[in-house]
Amino acid sequence: NGMTLFFSRKERISLSIEFEAGTKRTNSKWSTFLDVSRVMPTKSVLSVDEVDGPKRFELAYNVTLCSSIFSRTRVITFYPRYQIVNLLSGGLVVAQECALRSETHIPSQSWVPFHWENSSFPSKIRLKFDEQENTHENKWSSGCIYLDKIGITALRMPLTNKSKPLIIQAETRLATKRQDCAIMVVIWSSIEKSNPLYLMKNNSPFTVLCFQPTNNTQQDATLESRELSELFGKFFNFDCGQGMKFVDNDDSDSKEFIWTVSPGESIGFGWDDPEVAHALRWTCSNASNFLLHGENHSVSDIEVDTIGHISTVKLQQGDYSGRSSGMEQRVTCEIKADKSTKVILFDLKQTNLNESGVSESPSSGDTEVAAVSFQVHIPGLTISMIDNVSDSRPGREILLVSSDGWSIFFSQTREAYHEFEFKLSTFQIDNFIHAAEHPVLLHSPLVTEPFLHLSLVRRLQDNNDTHDISYIALRILEIDICFDRKTAETIAQFISPLHKAQEDQ
């Protein structure tokens, strides 16, 4: 629907929204005046509140020009600020935090606009599966998704039928110009074959147990071993290989969900609460003897979002069957990157013990990275461009590229990091083209700081297809560019034979 505005000298408008409140239709408050006198191709945001009520409607609008002969007409388009897209195979229900009774149903492979039920509540939503499409009762997710924070997260959806937990990924992103909203929230199922956000992989011969510490357990980082024993103890009483893949204790008093990863298993992972610190507290089945006897080093914490972070759990001395073998066994958890997936990798490490019980040397599987560094300094570099393509006239210098203060530094540390730094002090291009308006095409003013400065730190990965960039910074100072048509034509004529030769090849 639309309307036409005539003779609006002030070129400002206000709007109100008509909606259903119970059994009657009512209008919201009027918005502040919107200036539509100039074109605004990017979307701006506005909000209107319910009269004598908590509901809030958030909208976006832009002002564009019609095409062709109607270019003097401005089109004012209003959109919902938020759109939630459901790419799951089943229906989804969303609701604002603290207002779970006001549900919004989203059918599979569709989208709906979303508005706030109460403007005083947090701007985040909870999710659950549509009960009309499932035979069992579903619960709301333990964690929330912020609609005002751009980013992506993985969330575990609680199920009451004790089946394999479903991990969903939710991305909050800015909408494009062609999409009819300002912020789009896309929700889809996390599948191992399609580069999930998180993946847990167990290469050790033991079953691994882990959970995300809640606010209560995080406040006390040194829990008593008796409390840890009570938390993990009931999950040690099973044999590996019985198909007990996951343990869901959502119905118990404890809020922790215990993940179990069998030897050789690889499963997708999602957070119970993305707002809590992204960490895991974990142990393994062979460490239960230490745990039950009061040794806290059989339980460890790992920061999942820190690539390269490693934590260790100590095991009993002996082989897998418990017989003494003069080897100290430890299960390590390391965070690695595989393309866009953060892999939580559990593996077994063994160390030889001498007669006094002290570890001698790491196993042959542990490799040490060689440390190396080099630095290159170039006082200056000059390149002259000669135009001699024509046989009828002698060659003539058209451009002179001069630069000073080149500095290149590269190092590889024993901690498996690559450090790279590049500096360029000054840069200038002199213009010698005949009849050119400006004698200098490009110029960086002389200052004490380098004109171009690039720093980069990369962590080495086992997978060569993955690049873990821990730090990157690029700084370019002020630069003057003077260009004219004569210079552009001369440069185009100089480059055209190169394009022609490339096309012939």
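This passage describes the confidence, the overall make-up, the nonpolar cores and selected residues of a predicted protein model.

The predicted model contains four helices and 33 strands, and buried residues account for 39% of its 505 residues. Among the contacts that join residues at least 6 apart in sequence, 55% link residues at least 24 apart. The accessible surface of the protein amounts to about 29,100 Å², and carbon and sulfur atoms contribute 51% of that surface.

Confidence varies along the chain. The average pLDDT of the protein is 79, and 78% of the residues score at least 70. By element, strand β8 (residues 82-86) has the highest confidence, at a mean of 95, whereas helix α3 (residues 288-292) has the lowest, at 47. Two stretches also fall into the low range: residues 236-254 stay under a pLDDT of 50, although the model gives them 37 contacts beyond four places in sequence, and residues 361-366 are likewise below 50, with four contacts in the model beyond near neighbours in sequence. Where pLDDT is low, the predicted coordinates should not be read in detail.

The interior was examined next. In soluble globular proteins, nonpolar side chains tend to be buried together. In the present model, the largest nonpolar core comprises 29 residues, and those with the most contacts inside it are Met200, Trp259, Phe269, Leu280, Trp282 and Ile344. At least two residues of this core are supplied by each of the strands β17 (198-202), β18 (208-211), β19 (259-261), β21 (279-284), β24 (327-338) and β25 (341-353); the largest share, four residues, comes from β24. For Ile344, the contacts outside its neighbours within four places in sequence are with Leu199, Met200, Lys201, Phe269, Leu280, Val304, Cys333, Glu334 and Ile335. A second core, separate from the one just described, has 22 residues, and Tyr82, Leu92, Ile125 and Met157 are included in it.

Nonpolar residues also appear at the surface, where Phe374, Val376, Ile378, Leu381 and Ile383 form a nonpolar patch with a joint accessible area of about 400 Å². Of these, Ile383 is located in strand β27 (residues 372-387), and Ile383 is classed as partly exposed because its relative accessibility is 46%.

Two residues of the strands that follow β27 in the numbering were assigned to the buried class. Ser411, in strand β28 (residues 396-412), has a relative accessibility of 7% and is therefore counted as buried; apart from neighbours within four places in sequence, Ser411 makes contact with Val372, Ser373, Tyr417, His418 and Glu419. Thr426 belongs to strand β29 (residues 417-431) and is likewise buried, since its relative accessible area is 14%. When residues up to four places away in sequence are set aside, Thr426 touches Ser402, Ser403, Asp404, Ser444, Leu446 and Phe451.

A further residue, Ser285, is placed in the loop between β21 and α3. With a relative accessibility of 26%, Ser285 is counted as partly exposed. Ser285 is separated from Thr260 by 25 residues in sequence, and the C-alpha to C-alpha distance between the two is 9.8 Å.

Key:
Residues are numbered from 1 along each chain as its sequence is written. This is a predicted model: local features need pLDDT of at least 70, side-chain atom pairs count only at pLDDT 80 or more; totals for chains, interfaces and linings use all residues. Side-chain values use heavy atoms; hydrogens and water are left out. pLDDT is the predictor's confidence in each residue, from 0 to 100. Contact means heavy atoms within 4.5 Å. Patches are made of residues with over 30% relative accessible area and no salt bridge: like charges are joined within 9 Å, nonpolar side chains (Val, Leu, Ile, Met, Phe, Trp, Tyr) within 5 Å. Accessible areas come from the Shrake-Rupley method with a 1.4 Å probe; for residues, only the protein chains shown count as cover. A salt bridge is a side-chain nitrogen of Lys or Arg within 4 Å of a carboxyl oxygen of Asp or Glu. Buried means under 20% relative accessible area, exposed over 50%, partly exposed in between (1.4 Å probe, protein chains only). A nonpolar core is a set of buried Ala, Val, Leu, Ile, Met, Phe, Trp, Tyr and Cys residues joined through side-chain atoms within 4.5 Å.
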